[in-house]
Amino acid sequence: MSREVRVRFAPSPTGALHIGGVRTALYNYLFAKKMGGKFLLRIEDTDQNRFVPGAEEYIRESLEWLGISPEESPWNPGDCGPYRQSERKPMYMQYALDLIKNGHAYYAFDTPEELDAMRDRLTAARVVSPQYDSITRTQMRNSLTLPEDEVKQLLESGAHYVIRIKIPRKEEVRLHDMIRGWVMVHSSTLDDKVLMKSDGMPTYHLANIVDDHLMRITHVIRGEEWLPSAPLHVLLYRYLGWEDTMPEFAHLPLLLKPDGNGKLSKRDGDKLGFPVFPINWTDPTTGETASGFREQGYLPDAFLNFLAFLGWNPGDHREIFSLEEMVEAFSIERIGKSGTQFDIAKAKWYNEQYLRAKSNTELAGFVIADAAAEGFEIRHEKAEAIVAFIKERVTFTADLWRESKFMIIAPTSFDAETASKKWSSDAVKVLTNYANSITGFTGTYDAVTAKSMLEASAEAEGIKLGKTMQAVRLAITGMGVGPDLMEVFAILGAKEVASRIEFALATLEVVG
RNA sequence: GGUCGGUUCGUCUAGGGGUUAGGACACGUCCCUUUCACGGAUGAAACACGGGUUCGAUUCCCGUACCGACUACCA
């Protein structure tokens with residue numbers, strides 16, 4: 001009988017979660033859902049020094065915004081708690097001790113200075129990779145080299161020590177990766193990694209294996225930066241006697257900077273001209289805020305869709321996927337092997353697609369809210385009408401108000417370039433005539449009527465309307481470009497149109 | 001330096017022993033149009049290099065180059 005699929009996202013709370021982490025969480029989520037399994041979240045806070053307050057809450061809020069919250073987590077525990085490694089501290093030592101008992105780990109008493117000295121010595125002797133390994137451990141102060149009673153005495157006297165794994169001298173370590181296939185590493189290139197630190201906390205490596213085992217994790221889906229330590233993890237499963245339930249590994253290709261030069265990192269902040277975080281993050285020590293996709297105006301579904309395609313594709317030509325559709329189409333086999341450069345233009349395109357797919361009613365809400373923030377009240381019906389014909393020209397929801405502003409607020413100035421090129425005596429004639437003709441107008445002023453009346457004015461003056469349209473636009477909107485002008489007329493209403501024309505006629509002068 | 005991983009248009013990618021190497025973003029041109037945008041059409045644009053294997057290699061193998069990750073009592 002096969003086990004229930006259980007995957008986990010295991011961030012450490014060292015600051016904001018960056019989009020690479022979000023993508024890892026997303027793939028874990030998609031895989032869990034696809035397989036009818038569970039998606040859990042575990043906080044890996046074994047490094048007390050790097051803990052950043054608020055980071056955990058940030059992670060939670062980010063995932064909630066995106067709708068990919070874990071089913072088991074510190075704030076929603078299942079039966080494998082606690083879900084913070086710091087709270088699991090007492091659980092790890094016994095496994096480290098087991099390893100020592102079985103001859104797969106040992107105590108090491110070397111001070112940081114001694115370790116430095118060892119590395120310096122090795123470097124001076126031109127050893128290619130100075131490390132604490134099967135060779136060097138014979139010259140260090142550990143339970144392998146020290147007499148038994150001295151080790152006992154050191155331990156009893158409370159001396160600082162760490163527990164290191166004893167990597168075999170000559171052994172081919174094989175590991176299977178669902179994305180990369182078999183990867184072979186020789187144990188002689190591995191070092192005796194610290195498993196338990198002198199503060200009594202486990203390192204990532206031990207804690208990760210113990211917790212994945214205890215939490216019955218079946219698939220480890222994580223970033224490629226973990227590939228080099230995966231052989232160590234395989235060894236740990238073996239020495240702990242858990243090889244038969246060892247999870248499958250899938251190491252995800254890295255998210256690269258737009259120039260392809262190095263992986264995207266938290267420290268990139270806003271330097272690249274776009275956010276690297278899902279939502280705003282304010283650094284608790286510096287107080288600086290780095291922007292997030294949410295605050296930049298990205299829709300969660302669009303952002304998710306974009307992110308999913310950074311390294312994965314469904315194998316056909318479809319590009320737009322709801323979260324549910326992604327779950328349906330997802331498979332680890334279709335994840336690529338090579339690093340993926342981040343291209344913000346594609347993210348914008350996705351946002352435009354999702355924005356346009358939204359109902360006018362929903363979009364109207366953004367315009368109303370943004371206008372209200374500036375003290376303008378817009379009726380929902382009007383907002384809907386506005387949004388209906390400008391939504392195809394915007395990228396973000398915040399653009400909606402910016403693009404519709406001119407329909408609420410009459411222009412007080414006019415684009416100089418358009419004015420100098422297009423404002424003509426013909427335009428003045430047509431507009432004067434038009435203003436007069438609509439002043440007493442009482443019929444239905446829709447786009448068609450507005451246009452036929454304008455055509456009539458042009459004809460009455462013996463002027464071709466086409467030649468003056470730009471000037472008309474300028475008079476009404478103050479700008480040279482914009483959406484369909486006759487629709488604008490209809491939304492403004494005859495009275496407002498007339499009043500704007502009068503203002504323009506009084507303000508603009510024909511040059512040349 | 002060492003270990004591991006990777007390499008198809010500028011970018012995300014499909015494909016895979018015989019293809020006009022396909023799509024999307026971005027870009028150019030044209031059409032639509034009072035402008036801009038949308039939309040439609042269209043164009044330019046890629047198998048890193050060298051050897052092998054083979055009738056045939058972009059695809060398989062080896063090597064080289066380049067890129068990246070890792071190389072802490074950090075994760």
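Which residue in S4 does alanine 105 stand opposite? Start there, then work through the exercises. The model is predicted.

**Exercise 1. Place alanine 105 in its sheet.**

Solution.
- Step 1. Find the partner. Alanine 105 stands opposite isoleucine 165 in S4.
- Step 2. Look at the pair of strands. S3 and S4 run antiparallel, and four bridges join them.
- Step 3. Extend to the whole sheet. The sheet is open, has three strands and follows the order S3-S4-S7, with antiparallel pairing.
- Step 4. Identify the edges. Strand S3 (105–108) and strand S7 (194–196) each have a single partner strand, so one side of each lacks a neighbour in the sheet.
- Step 5. Check the twist. On average, neighbouring strands of this sheet are turned by 45° against each other, direction ignored.
- Step 6. Add the helix. Helix H3 (residues 89–101) lies across S3, S4 and S7. H3 runs at about 105° to S3.

**Exercise 2. Describe the surroundings of RNA strand B.**

Solution.
- Step 1. Count the residues. RNA strand B is surrounded by 59 residues. The closest are Lys197, Asn261, Arg393, Arg473 and Gly482.
- Step 2. Ask which part of the RNA is touched. Of the atoms of RNA strand B that come within 4 Å of the protein, 75% belong to sugar and phosphate.
- Step 3. Sort the residues by class. The surface near RNA strand B has 21 charged, 20 nonpolar and 18 polar residues.
- Step 4. Trace the elements. Those supplying at least two residues each include strand S4 (162–165), strand S6 (181–186) and strand S13 (340–341). Helices also appear here, among them helix H11 (344–357), helix H18 (465–477) and helix H19 (485–492).
- Step 5. Pick out the main contributor. H11 gives the largest share, four residues.

**Exercise 3. Separate phosphate contacts from base contacts.**

Solution.
- Step 1. Take lysine 197. An N or O atom of its side chain is 2.7 Å from a phosphate oxygen of RNA strand B.
- Step 2. Take arginine 473. Here a side-chain N or O atom is 2.7 Å from a base nitrogen of RNA strand B.
- Step 3. Take glycine 482. A backbone N or O atom of this residue lies 2.5 Å from a base nitrogen of RNA strand B.

**Exercise 4. Analyse the packing of H18 against H19.**

Solution.
- Step 1. Set the geometry. The axes of H18 and H19 come within 11 Å and cross at roughly 35°. The crossing is left-handed.
- Step 2. List the contact residues. H18 brings Met469, Val472, Arg473, Ile476 and Thr477. H19 brings Leu485, Met486, Val488, Phe489 and Leu492.
- Step 3. Classify them. The contact of H18 with H19 has eight nonpolar, one polar and one charged residues.
- Step 4. Link back to the RNA. Arg473 takes part in this helix contact, and arginine 473 also has a side-chain N or O atom 2.7 Å from a base nitrogen of RNA strand B.

**Exercise 5. Locate two backbone features in loops.**

Solution.
- Step 1. Inspect proline 82. The peptide bond from glycine 81 to proline 82 is cis, with omega near -10°. Proline 82 lies in the loop between helix H2 (55–66) and H3.
- Step 2. Inspect arginine 126. Its phi is positive, about 55°, although the residue is not a glycine. Arginine 126 is found in the loop between helix H4 (112–124) and helix H5 (148–156).

Conventions:
Residues numbered from 1 in each chain as written. Chains lettered and ligands numbered in written order. Predicted model: local features only at pLDDT ≥ 70, side-chain atom pairs only at ≥ 80, totals over all residues. Heavy atoms only, no water. Near = heavy atom within 4 Å. Polar contact = N/O pair within 3.5 Å; in protein donor to acceptor, adjacent residues only side chain to side chain. Nonpolar A, V, L, I, M, F, W, Y, C, P; charged D, E, K, R; others polar. Pairing = 2+ DSSP bridges. Axes fitted to C-alpha atoms, helices over the stretch in contact; angles between N-to-C directions. Contact = heavy atoms within 4.5 Å. Left-handed = near helix turned anticlockwise from the far one by under 90°.
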